[in-house]
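Me: Could you take a close look at one part of this structure with me, the aromatic rings that pair up? I'd like to see where they sit, and how that spot fits into the chain as a whole.

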Amino acid sequence: MRSSPKHNLTHQLTHNLGMSIVKGDYPVGSGLPSEAELCLQYDVSRSATREAVKMLSAKGLISSRPKQGILVLPESTWNMFDTDVLSWILNSKPSLTLLKEFTQVRAAIEPEAAALASLNATDEQIGEIEKALNRMADADKGLDDPLDADIAFHTAILLASGNRFIAQLTDFIGTALRVSIRYTNRIKGVPGADVQKHADIFNTIKSRNPELARDCVSTILDEALALIDSQLNP
């Protein structure tokens, strides 16, 4: 089903304003133009503008109240698990500190997700992890996209964990992986991930060994954290 023109305009305005706020074009505590001014500035309807303001408020970027206007809120109120917010931040001002914090979140979640996948994954889900691993091997030969294949591997494990809360983190982790994997591979001077280390993870999950699965994922995330720390503290 196609999106309506109003929906598209609302989404585009939300994106444009969100990026501007994240980049600092509208500093914290300052006001955004009024809804009427935004309508003129972006040539959109009042209803589309009102929806965009509601969406940005729900994401924690702004507050909009009568007589107060539209105020930009501090970063501490932004919903970092919102994939739009995360994408805006990573695409406008990715910092090593932010990438480190994200990798620490991965280190808290993904080893356990792999251990759970080794216990709970269906044959079909094991097949999805293996398919992503094969894509990574193909990417090494220039036959697939290394970043997409790597992300597919890690998100397939989250989905195979059998935990509904972990499964719902796939969009969040996939969004941030798109920046963090590219960055760590650039530091290492390689185009893609170490396929053998990912094969080790797959094999521990397939052999239903939760302890080894947990350890294998922890190993690659500890390496990523050490790599980021080496750049933060050269």
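Reply: Sure, let's start from the outside and work our way in. The chain exposes about 12,300 Å², and carbon and sulfur atoms supply 52% of that area. Keep in mind that this is a predicted model. Of the 234 residues in the chain, 43% are buried. The C-alpha atoms fill a box of roughly 60 × 50 × 30 Å along the principal axes.

Next, the layout. You'll find 11 helices and two strands here, and from the N terminus they run α-α-α-β-β-α-α-α-α-α-α-α-α. The domain assignment splits the chain into domain 1 (5-77) and domain 2 (94-232), with 35 Å between their centres, taken over C-alpha atoms.

Now for your rings. A search of the whole structure turns up two aromatic pairs. One of them joins F81 and F172: the centres are 4.7 Å apart and the planes make an angle of 45°, so with anything from 30 to 60 degrees counting as tilted, this pair is tilted. F81 lies in the loop between β2 (69-72) and α4 (83-92), while F172 belongs to helix α9 (residues 170-188), so the pair ties together parts that are 91 residues apart in sequence.

F172 also pairs with F102, this time edge-to-face, at 5.9 Å centre to centre and with 80° between the planes. F102 sits in helix α5 (residues 96-120) and F172 in helix α9, so here the parts being tied together are 70 residues apart in sequence. Put the pairs side by side and you get a cluster that links F81, F102 and F172.

Is this spot buried or exposed, at least for F102 and F172? Both are buried. F172 has a relative accessibility of 8%, and that is why it counts as buried, the cut-off being under 20%.

Links between distant stretches of sequence show up in the chain's contacts, too: among those with a separation of 6 or more, 68% are between residues 24 or more positions apart. For an example away from the rings, try T204 in helix α10 (residues 195-206). Leaving aside neighbours within four places in sequence, T204 is in contact with S118, N209, L212, A213 and C216. T204 counts as buried because its relative accessibility is 7%.

Finally, a word on charge: the chain has 24 positive and 29 negative side chains, and the centres of the two sets lie 7 Å apart.

Notes. Residues are numbered from 1 along each chain as its sequence is written. Side-chain values use heavy atoms; hydrogens and water are left out. Helices (H or I, at least four residues) and strands (E, at least two) are DSSP runs, numbered from the N terminus. Buried means under 20% relative accessible area, exposed over 50%, partly exposed in between (1.4 Å probe, protein chains only). Contact means heavy atoms within 4.5 Å. Domain bounds come from an automatic or database domain assignment. Rings of Phe, Tyr and Trp (its six-membered ring) pair if their centres lie within 6.5 Å; planes under 30 degrees apart count as stacked, over 60 as edge-to-face and the rest as tilted. Accessible areas come from the Shrake-Rupley method with a 1.4 Å probe; for residues, only the protein chains shown count as cover. Lys and Arg count as positive and Asp and Glu as negative; His and the chain ends are not counted. The place of a charge is taken as NZ of Lys, CZ of Arg, CG of Asp or CD of Glu.
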